[in-house]
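Welcome! Take a moment to look over the model below, and then we will walk through a few of its features together.

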Amino acid sequence: MYFAQSLAGHTDILSHFFGLPLPHAPAALDDAIIIGLDAEWFTRGEIKHVTELGIAILDPTNHHAYTDDSELVKFMEVFHARIIPNAHLVNRRAGAHADKFLFGTTKFITLEEAEQLLTQAFCRPKANGYGYRPVILLGHAVDNDTQLLQENFGVDLREFGTIIKTIDTQIMAEEVGVQSDSPLIGLKDLLKWFGIQEKYLHTAGNDIVYTMAVALLLSSYPDMDVGYAIYRGLEELKVNGTLVPTAASWGITVFCTKCNSTSHMANNCSVGVTCFKCVQNPRNAHCAHTHMTEKCIAMDIENRTPTPDSRADPCTLCMMSGDFKRWSKAQTHVMENCAWARRLLRGPSQRTSNGLERSAVLRAQSSTQWGGGSEEWVEFRRW
Ligand SMILES: [Zn+2]
Ligand SMILES: [Zn+2]
Ligand SMILES: [Zn+2]
């Protein structure tokens, strides 16, 4: 059933459904559905949050009923979902357009609904009711996405046991001989190669529809008739949406990423919000009224990458310091690990001429019961 050792290329497998059957193809292949998957994510430092999911599903068993190849695109099931707890996160990189889905209605969904959406897509019961239909997973640099889904939703697509083959349009492009400046061609360049220009890429829903279209174009290349039909299908999908009735009841269409209201969108939001984390931090105070505490990126970074010190009491030495730099870092470490105190200990002048203060630091560091009013504190204050 698996093609791991098969010599069939990524392009051959897709062509199988569209007029060029693979010789000796396993029967499972003919019952397979093709699922395109794309994820967009917010990234900063160690943090990677999935912000959008794009899913496009093509059922080749319906192909015989289509009157022309444009219907391959028009009968695609298309989903664009923004993940509610992450939807406010926007990468600084220009060109992200989460609100510009071109092929239907964007839904805002919870993490649980994201998991359900993926499960429903990848576990479609067979017509006879026994087991699930085999899946050909299609994407553009799809390995990055599947790994991220596992990290974010705890969904390991492979564990569904339905994926019989993963197809990547970057590899298809190579097989077809699309020239590219970089070893792995980007979606934008791949579209350009077929004469398609799109302003709103990096929106998961748009990217996956285009990825699916490009896969169809690559698998039918150089058949110009199919090519034009796919192009026409795309244009009609944009205007009319998918022809597949979608039963999906999950998700909401109106959600404010700023105040969490479900009656307006962020661009119409007039609700005042405050981040109580940023309000207290002189460095971030200027943006404290642009977001809610729960949506604070600074807080998120702090929560997700806990250092051993962040759970402990702040460094009292730095808390009491008149130096702004030290004060602002007081929450990041405990006194025992205070770099400023350590620097003082190492400094040659302290070692030679200020032995008293050095021993005070040592005493303070070794004392867990150390308090602001103790004898040691008097000595520290002299720094
Ligand atoms: Zn709002
Ligand atoms: Zn904040
Ligand atoms: Zn300190």
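Let's begin with a metal site: Cys 315 (SG), Cys 318 (SG), His 333 (NE2) and Cys 338 (SG) are the protein donors of the zinc ion (ligand 3), at 2.1 to 2.4 Å from it. Cys 318 belongs to helix α12 (residues 316-319) while Cys 338 sits in the loop between α13 (324-329) and α14 (339-346), so this pair ties together parts that are 20 residues apart in sequence. Donors here are N, O and S atoms within 2.8 Å of the metal (3.2 Å for Na, K and Ca), and sites may look incomplete because water is not among the atoms. Helices are DSSP runs (H or I, at least four residues), numbered from the N terminus.

A word on the basis: this is a predicted model, in which local features need pLDDT of at least 70 and side-chain atom pairs count only at pLDDT 80 or more, while totals for chains, interfaces and linings use all residues. Residues are numbered from 1 along each chain as its sequence is written, chains are lettered from A and ligands numbered from 1 in the order in which they are written, and side-chain values use heavy atoms, leaving out hydrogens and water.

The zinc ion (ligand 2) is held by Cys 275 (SG), Cys 278 (SG), His 291 (NE2) and Cys 296 (SG). The table sets out both sites.

| Site | Donor distances | Donor angles | Spacing |
|---|---|---|---|
| zinc ion (ligand 2) | 2.1 to 2.3 Å | 102 to 116 degrees | C-x2-C-x12-H-x4-C |
| zinc ion (ligand 3) | 2.1 to 2.4 Å | 101 to 114 degrees | C-x2-C-x14-H-x4-C |

The angles make the arrangement around the zinc ion (ligand 2) tetrahedral, and the site of the zinc ion (ligand 3) is tetrahedral too. Four donors count as tetrahedral if all angles lie between 85 and 135 degrees.

Now for the helices. How do helix α8 (residues 204-220) and helix α9 (residues 224-240) pack? Their axes, lines fitted to C-alpha atoms over the stretch in contact, are 9 Å apart at an angle of about 165 degrees. The two are therefore roughly antiparallel (angles over 145 degrees, on a scale from 0 to 180 between N-to-C directions). The contact (heavy atoms within 4.5 Å) includes Val 209 and Tyr 210 of α8 and Val 226 and Gly 227 of α9.

Helix α4 (residues 111-122) and helix α5 (residues 142-153) cross at roughly 135 degrees, their axes coming within 11 Å. There, Leu 111, Ala 114, Glu 115 and Leu 118 of α4 meet Leu 149, Asn 152 and Phe 153 of α5.

Conventions. Four donors count as tetrahedral if all angles lie between 85 and 135 degrees; four count as square planar and six as octahedral if opposite donors are over 155 degrees apart and all others between 65 and 115; anything else is irregular. Angles under 35 degrees count as roughly parallel, over 145 as roughly antiparallel, 65 to 115 as roughly perpendicular and the rest as oblique.
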